[in-house]
Amino acid sequence: MRDLRRMGIRIAPDDFGSGYCCVRYLRQFTIDKIKVDKTIVDDVARAKRR
């Protein structure tokens, strides 16, 4: 992944939070953006309305 970044390629995991992934894995990678799964965003929005 470091070589890809050196080549100018940006890293953005897609749908982070869906399936079997864990936030602690983010520390292991140098990434530019995170695309969070919509179900997580919806859950946060619902919790704010309560």
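Here, a residue is called buried when its relative accessible area is under 20%, exposed when over 50%, and partly exposed in between. Phe-29 has a relative accessibility of 41%, so Phe-29 counts as partly exposed. That's a handy way into this structure, which is a predicted model. The protein chain has 50 residues, and 6% of them count as buried.

**The chain as a whole**

- The protein chain has two helices and zero strands.
- Helix α1 covers 2-6 and helix α2 covers 38-49, with a loop between them.
- The accessible surface adds up to about 4,700 Å² for the protein chain, and carbon and sulfur atoms own 53% of that.
- Take the contacts between residues at least 6 apart in sequence: 14% of these join residues at least 24 apart.

**A nonpolar patch on the surface**

- Six residues build a nonpolar patch on the surface: Met-1, Leu-4, Met-7, Ile-9, Tyr-25 and Phe-29.
- Together, the residues of this patch have about 580 Å² of accessible area.
- Phe-29, the residue we began with, sits in the loop between α1 and α2.
- Leu-4 is a patch member too, but you'll find Leu-4 in helix α1.
- Leu-4 has a relative accessible area of 35%, so it falls in the partly exposed class.
- If you skip its neighbours within four places in sequence, Leu-4 touches Ile-9 and Ile-11. Of that pair, Ile-9 is listed in the patch.

**Salt bridges around Asp-32**

- Searching the whole structure turns up five salt bridges. Arg-5 and Asp-32 form a salt bridge, and their closest N and O atoms are 2.8 Å apart.
- This pair links distant parts of the chain, as Arg-5 is in helix α1 while Asp-32 is in the loop between α1 and α2, 27 residues apart.
- How accessible are the two partners? Arg-5 is partly exposed at 33% relative accessibility, and Asp-32 is partly exposed as well, with a relative accessible area of 31%.
- Asp-32 also forms a salt bridge with Arg-10, where the closest N and O atoms are 4.0 Å apart.
- Arg-10 and Asp-32 both lie in the loop between α1 and α2, so their salt bridge ties together parts that are 22 residues apart in sequence.
- Arg-10 has a relative accessible area of 57%, so Arg-10 counts as exposed.

**A salt bridge within helix α2**

- Over in helix α2, the side chains of Arg-46 and Asp-43 meet in a salt bridge, at 2.5 Å from N to O.
- Arg-46 and Asp-43 are three residues apart in helix α2, which is about one turn of the helix.
- Arg-46 is partly exposed at 41% relative accessibility, and Asp-43 is partly exposed with a relative accessible area of 44%.
- Back at Asp-32, which residues end up in one network? Salt bridges that share partners join Arg-5, Arg-10 and Asp-32.

Key:
Residues numbered from 1 in each chain as written. Predicted model: local features only at pLDDT ≥ 70, side-chain atom pairs only at ≥ 80, totals over all residues. Heavy atoms only, no water. Patch = residues over 30% accessible without salt bridge, like charges linked within 9 Å, V, L, I, M, F, W, Y side chains within 5 Å. Areas by Shrake-Rupley, 256 points an atom, 1.4 Å probe, with all protein chains shown as cover. Helix = DSSP H or I, 4+ residues; strand = E, 2+ residues; numbered from the N terminus. Buried < 20%, exposed > 50% of the residue type's maximum accessible area, 1.4 Å probe, protein only. Contact = heavy atoms within 4.5 Å.
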